[in-house]
Amino acid sequence: MPRWLAAGREVAPLNATPPALVICVKDLQQELKTRESFTAAFFFALLVQLVFSFAFDFQSLGLGFQDVGAGVLWITLTFSSILSLQNSFVIEREKNCLAALALCPCDPSSVFLGKFLANLIFVLAVQAFVLPISALFFGYDLAAVALPLSLVVVVNAAGFSALGTLFAAISVRTRRSELLLPLLLFPAATPVVIWGVKATRLCLAGRGLEAYEYLVGLSACFGAIFAVAGVLLFDYVLEE
Amino acid sequence: MERLDPMLRTIELVLFPVVAVLMVACLYCIFCVVPNEVTMGAVQRIFYFLVPSAWVAFLGFFVVFVASTLYLTTRQLVWDTLAHAAAELGVLFCAIVLLSGPIWARPAWGTWWTWEARLTTTLVLELVFVAYLVLRSQAESRDQAARLAAVVGIVGFLDVPLIYFSVKLWRGHHPIVFKSGGGEGLEPAMLKTFMLCMFTFTLFFSLLLALRFRLGLLQEDLAEIKDREMSPGA
């Protein structure tokens, strides 16, 4: 474990490190101590895959990973991300840490960016474990497409997390946050899911980057739009 | 607020008879004037209510966006009340589109539902703004509901073109089953009726918005009075 991650006290003061990074590191440290979010999201992702395999019975239908992988990947990613997105703000609700975050001597947008970054790292960490396992289940050679696939996953997960972080912060303020987040996020994240699935399918089929670079570009635009929206609007969400 | 109420009442009084007459005129035109569409037959007449409904639903979401932005900049609850009213109407008219669409689709194309870009976008938008309404009902205070809903209202509206574009891309090379909404190649009688319906629905929407807006303001007054009675010392 790197030193800066291991020792919370040694994190540089706010004026030296960008506050967003401080918040992100705080979340990661907390996660490393409890491993709550990761464990839950990881096993949930595995369970989704299990249900998926039972529901569609790929082997007897003769479907390979290149046919269904994109769908499996995106269903597990969106479903398991909901858990970690939710958790990233639920932990702040205890002992009224949300108020403390709002009182942070930094711009509210930094809180958003820090949370967004931490959420993205969670989502990617879960995928880093789940993807090889699903490839194993389906007997697919993931190494061949590892690089372009990581690009697709990173860009689309970033878009999903940007919108998800904003909506998680909104839903945690309400009475039934766990009910509201999927309700808000799934329809609004339609574009990034559609582009993600499409790009992943082309990628798994072994097509070159030029076949789906426009999809990756679109998802990057989606991420940029909602990251900017989050930066601009987070002030109103954090307000008591 | 004091100035708004009489203004809204006047709008209602003026619009109500106009919309009533125009709506009858629309129905007359739809059932008695326009010719039957050649390939789709009588069922195509749903078009004259479906497309205007879709238009006012989008108009409603646009009003949500504008009112939400105004609320966040001015912090006057009036804007939030307006956004709430517009969102409810947007959801209502989206539902009309989603219900009448399949009724048209079944005889015309032999299927109840088609994942056509415009229809799918309407469905996704309906879900986004239903979530918006659920959020409002789950908030812990009036101010909080206004603030959080305004953020979702703005984000939801920014999402509209993205959703449309993504769904269109998703259905890529499928044939477009709707004719282009602008009414190109429509018969003159059809075009005129269509324009009349668009105009009537826009007025109808304005009337409903004024009514719902005034109702929202009254609800707020009532809540205020109740608050005062609960805490007489304050």
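**Stop 1: a loop in chain B**

Select Arg75(B), which sits in the loop between helix 2 (47-74) and helix 3 (77-109) of chain B. You are looking at a predicted model, so every value on this tour is computed from its atoms. Which sign does phi of Arg75(B) have, positive or negative? Phi is near 60°, a positive value in a residue other than glycine. Is Arg75(B) buried, exposed or partly exposed? Arg75(B) counts as partly exposed because 14 C-beta neighbours lie inside 10 Å.

**Stop 2: a long way along the chain**

Stay in chain B and select Thr202(B), which belongs to helix 6 (residues 188-230). Thr202(B) has 15 C-beta neighbours inside 10 Å, so this residue counts as partly exposed. Now add Leu59(B) to your selection. Along the chain, 143 residues separate Thr202(B) and Leu59(B), yet their C-alpha atoms are 8.7 Å apart. Try drawing a distance line between those two C-alpha atoms in your viewer.

**Stop 3: the whole of chain A**

Next, show chain A as a cartoon. How many helices and strands does chain A have? There are 11 helices and 0 strands, so colouring by element from the N terminus gives you one α after another. The radius of gyration of chain A is 18 Å, close to the 18 Å from the globule rule for 240 residues, and therefore chain A is as compact as a globular protein of that length. Turn the chain around: along its principal axes, the C-alpha trace spans about 55 × 40 × 35 Å. Of the 240 residues here, 48% count as buried. Contacts also reach far along the sequence: among those between residues at least 6 apart, 82% join residues at least 24 apart.

**Stop 4: another arginine in a loop**

Select Arg35(A), in the loop between helix 2 (19-34) and helix 3 (36-56) of chain A. Although Arg35(A) is not a glycine, its phi is positive, at about 55°. Why does Arg35(A) count as exposed? The reason is its 11 C-beta neighbours inside 10 Å, because a residue with 12 or fewer counts as exposed.

**Stop 5: helix 10 of chain A**

Select residues 190-204 of chain A to light up helix 10, which has 15 residues. From its first C-alpha to its last, helix 10 reaches 21 Å, close to the 21 Å expected at 1.5 Å a residue. How many residues of helix 10 are buried? The count is 15 of 15, so this helix is mostly covered. Just after helix 10, click on Gly206(A), where phi is positive at about 85°.

**Stop 6: helix 9 and its neighbours**

Step back to residues 177-188 of chain A, the 12 residues of helix 9. Helix 9 reaches 17 Å from first C-alpha to last, close to the 16 Å expected. Its buried residues include Leu180(A), Leu184(A) and Pro187(A). An α-helix has 3.6 residues a turn, so residues three or four places apart point the same way. What do the buried residues of helix 9 pack against? In chain A, they pack against helix 5 (65-93), helix 8 (146-171) and helix 10; in chain B, they pack against helix 4 and helix 5.

**Stop 7: where the chains meet**

Finally, show both chains together. In all, 26 residues of chain B are in contact with 23 residues of chain A. On the chain B side, helix 4 (117-138) and helix 5 (142-170) each supply at least two residues. The largest share, 16 residues, comes from helix 5 of chain B. Colour this side by class and you will find 19 nonpolar, 4 polar and 3 charged residues.

Note on methods:
Residues numbered from 1 in each chain as written. Chains lettered and ligands numbered in written order. Predicted model: local features only at pLDDT ≥ 70, side-chain atom pairs only at ≥ 80, totals over all residues. Helix = DSSP H or I, 4+ residues; strand = E, 2+ residues; numbered from the N terminus. Rg over C-alpha atoms; globule rule 2.2 N^0.38 Å. Buried ≥ 20, exposed ≤ 12 C-beta atoms within 10 Å, placed from the backbone. Contact = placed C-beta atoms within 7 Å. Nonpolar A, V, L, I, M, F, W, Y, C, P; charged D, E, K, R; others polar. Expected span 1.5 Å × (residues − 1).
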